[in-house]
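Trainee: I am new to this one, and I would like to know what stands behind each term you use. Could you take me through it?

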Amino acid sequence: MSRGAKQPGFRQSNSWIHTWSSLPLIWLLYLIFLTGTLSFFRAELDYWLQPELHSAGQASEDQALERALGFLAGNAADARHWRIELPGQRNPVMEVNWFEADEPITRGGGQSRQLDPISGEVLEGRETWFAHFLYRMHFDLYGIPREVARWIVGIATMAMLIGLITGIVTHKKILKEFFTFRPHKGQRSWNDAHNATGVLVLPFHLMITLSGLFLLMYLLVPWGVNSMFDGDFRAYMESAGGRGGPEREQVLPTGDLAVGAGLPALVRSLQAQSSLRWPQGVDRIEVDDPAGNAVIELRERGAGSLLGRGRGEELIYQSESGQLTLVEPADPGVARATYNVLAGLHLLRFAGPLQRWLYFLCGLAGTVMVATGAILWVVKRSRKKGSETHRGIRLVRYLNLSTLVGLPLAIVAGLWANRLVPVDVVDRSQWEIRIFFLAWLLSFVHPLFRPRSRAWTEQCQAFAVLALALPLYNVMLGASGLPAALMRGDWILMSTDLVLITLAVVSLIIARMLSRAGEAPAASRRPKGVRSVANQGGVS
Amino acid sequence: MSVSLLSLSVCLWLAASMPKHQKAVFRRQPGPLLSKILRLSVWALMFLCCLLWVDMLGISIGLSVAVVVLGLLSAVPLLLLTWKPAAILPTAVVTLLAGGVALLVF
């Protein structure tokens, strides 16, 4: 640089870092944010994806437990282990698992059935992995080795954190313009939208990014575990008191328990005792050796503190010794507490519906922030001479369309696949994923054959039509439709359909705006003084 | 419910107390003393809101929920200031009264 050349200031340097640390990974960040946001409602989406379960009635915890115990006693009396996941606000259907004598007790293993909590009948939900697929995609991507994927996601998260910090430094009027949005002002409007979605929920963005990094810290910074435990992560976790941190045990009196009245009565009395202590109820009950000296374990739904990673208490009864023990998270050390709080905040295991909705809205704001950032990059450069032929700008434009609209379009296509692929098709859940990728691929191919503005409009319209038609199709399924869900008070089905309708309407509005902006060349021939729609914020 | 209403009123009052928006909200620029009193009251109200969230949900979950709620609800004054700034003041008064009454009654 020549002596006379002006050095860029601190803010300008940060602006450069903000742009160039985010842009190369912005589409991946969009995918991470969108799939992460949807994953806040993973259990609810999984329920929505299985219309066969929607006829199940809503029962109290006692009723559901009665049915589950009856089913297991009748169908798995000789099993070595029972597991009952009771219905809750996130899933009105209950699930029972059992493991035969020679089966290892694992998380997804054994035999499982979904039951109607009122009648106790077995519900045959269709085979679907789509909710789980979106959740795994958030941090494991798809089709690449897990460790590589997590490194990629970790680097993207790091870029996001850098983007957030440099964004704060760059945004010189962060407080003055806290409530500012100037519509119909082209680049300024995009800038305001990017700032507003970033600044209003900035604590959330910082927390979710930092906690995401914390969750990956053992992969990104493995040297501590490597040097002290020879890379044996299990040994490290054990020394740190397990995944949730240290626990405290307290022996409780067994006065009110139905000891000697048979296993079902004993479990029921334990559940009754726990309901006095746990206002959110019981999440899961496990019975080890139900035919012999049973060990019964009840786990609290939700949690009162994040210090235990959002994990609740446990109540354990051992038939052999007759001892009832309460296991609660103990106060961990400072480092562990920091990790637990951040992991708990990210994973949201403690949360009820209200907190999930808050996270969902914040996640959507984050998704919009990333999307507007990607668009802003192009809008800023589109007025420059030669931008139409500039390879970099054309590539970003192309990726913007195929990802910002293409990904939601592919997700809706996956939801349609869930509804339309016959229930008895082999590898059914894989077909949902294949159709998701096929639709996404189409959104990459489509802009190659259409003018730019038309391609944006058409993809937005396609998303709107698909998203709007899904709730209508659900009505034809009877119990899954909006009116039936409204009558039953099934908020999961109602809110999923309403979110789809809202997104469809928003997409239609965007398509209309884009369609108007596409007419700009004709509009630009208007007499002077008539404002061109293209300058009102169309996507370049 | 009462805490959510109070949180919304905090966001609205915060927007109204900002020098940049005062003229649009109050139709005239309030004096420096009034401005200062307004700003201090808003921060006091915000503090009260955070305390209420903490009281309801415990310190770690309560504080994180408070921060997220206040941020999300800030979208309301943003939208009102963009398209209907005159509606800020009445909405702020109504939500404050409704939230306060709900808090006292329930």
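Mentor: Gladly! Let us begin with a rule: two strands count as paired if DSSP finds at least two bridges between them. Please keep in mind that this is a predicted model.

Trainee: How do you know that E5(A) and E9(A) are joined?

Mentor: Six bridges join E5(A) to E9(A), and the rule asks for at least two. So by that rule they pair, and they run antiparallel. One of the partnerships is that of Arg248(A) with Glu328(A) in E9(A).

Trainee: And what joins strand E8 of chain A to strand E9 of chain A?

Mentor: Five bridges do, between residues 314-318 and residues 323-329, and these strands are antiparallel too. Gln318(A) faces Gln323(A) across that pairing, while Ile316(A) has Thr325(A) opposite.

Trainee: What do E8(A) and E9(A) form, and what lies between them?

Mentor: They form a hairpin, with four residues in between. In its turn, Gly322(A) has a positive phi of about 70°.

Trainee: Why is E9(A) called largely enclosed?

Mentor: A residue is buried when its relative accessible area is under 20%. Five of the seven residues of E9(A) are buried, so the rest of the structure largely encloses this strand.

Trainee: In what order do the strands of the open sheet in chain A come?

Mentor: Nine strands make up the open sheet, in the order E4-E3-E2-E1-E6-E7-E8-E9-E5, with antiparallel pairing. Strand E4 (122-123) and strand E5 (247-252) of chain A each have a single partner strand, so they stand at the edges and one side of each lacks a neighbour in the sheet. Helix H4 (residues 61-75) of chain A packs on this sheet, touching E1, E2, E3, E4 and E6, and its direction makes about 30° with that of E2(A). Helix H12 (residues 263-277) of chain A also packs on the sheet, where it touches E1, E6, E7, E8 and E9 and makes about 30° with E7(A).

Trainee: Why is chain A called as compact as a globular protein of its length?

Mentor: Chain A has 20 helices and nine strands. Its radius of gyration is 27 Å, close to the 24 Å that the globule rule gives for 540 residues, so the description fits. Of those 540 residues, 50% count as buried.

Trainee: What is notable about the phi of Asp230(A)?

Mentor: Most residues other than glycine have a negative phi. Asp230(A) is not a glycine, yet its phi is near 55°, a positive value. Asp230(A) sits in the loop between helix H10 (223-229) and helix H11 (233-239) of chain A. Its relative accessible area is 74%, so with a cut-off of over 50% it is exposed.

Trainee: What makes Asp427(A) partly exposed?

Mentor: Its relative accessible area is 40%, and the partly exposed class lies between 20% and 50%. Asp427(A) also has a positive phi, of about 60°, although it is not a glycine.

Trainee: What elements does chain B have?

Mentor: Six helices and zero strands. The radius of gyration of chain B is 14 Å, close to the 13 Å from the globule rule for 106 residues, so chain B is as compact as a globular protein of that length.

Trainee: Is Ser7(B) buried or exposed, and how do you know?

Mentor: Its relative accessible area is 0%, and the cut-off is under 20%, so Ser7(B) is buried. Ser7(B) belongs to helix H1 of chain B. Leaving aside residues up to four places away in sequence, it touches Cys49(B), Trp53(B), Val69(B), Leu70(B) and Leu73(B).

Trainee: Which residues of H6(B) are buried?

Mentor: They are Ile88(B), Ala92(B), Thr95(B), Gly99(B) and Ala102(B). They cover an arc of only 110° around the axis, so they lie on the same side of H6(B). These buried residues pack against helix H1 (2-17), helix H2 (19-26) and helix H5 (75-83) of chain B. The face turned away from the buried side carries the exposed residues Val94(B), Leu97(B), Leu104(B) and Val105(B).

Trainee: How far does helix H6 of chain B reach?

Mentor: From its first C-alpha to its last, this helix of 18 residues reaches 25 Å, close to the 26 Å expected at 1.5 Å a residue.

How values were computed: Residues are numbered from 1 along each chain as its sequence is written. Chains are lettered from A and ligands numbered from 1 in the order in which they are written. This is a predicted model: local features need pLDDT of at least 70, side-chain atom pairs count only at pLDDT 80 or more; totals for chains, interfaces and linings use all residues. Side-chain values use heavy atoms; hydrogens and water are left out. Helices (H or I, at least four residues) and strands (E, at least two) are DSSP runs, numbered from the N terminus. The expected span of a helix is 1.5 Å times one less than its number of residues. Buried means under 20% relative accessible area, exposed over 50%, partly exposed in between (1.4 Å probe, protein chains only). The arc is that of the directions from the helix axis to the C-beta atoms. Contact means heavy atoms within 4.5 Å. Axes are lines fitted to C-alpha atoms, for helices over the stretch in contact, and angles run from 0 to 180 degrees between N-to-C directions. The radius of gyration is taken over C-alpha atoms; the globule rule is 2.2 Å times the number of residues to the power 0.38.
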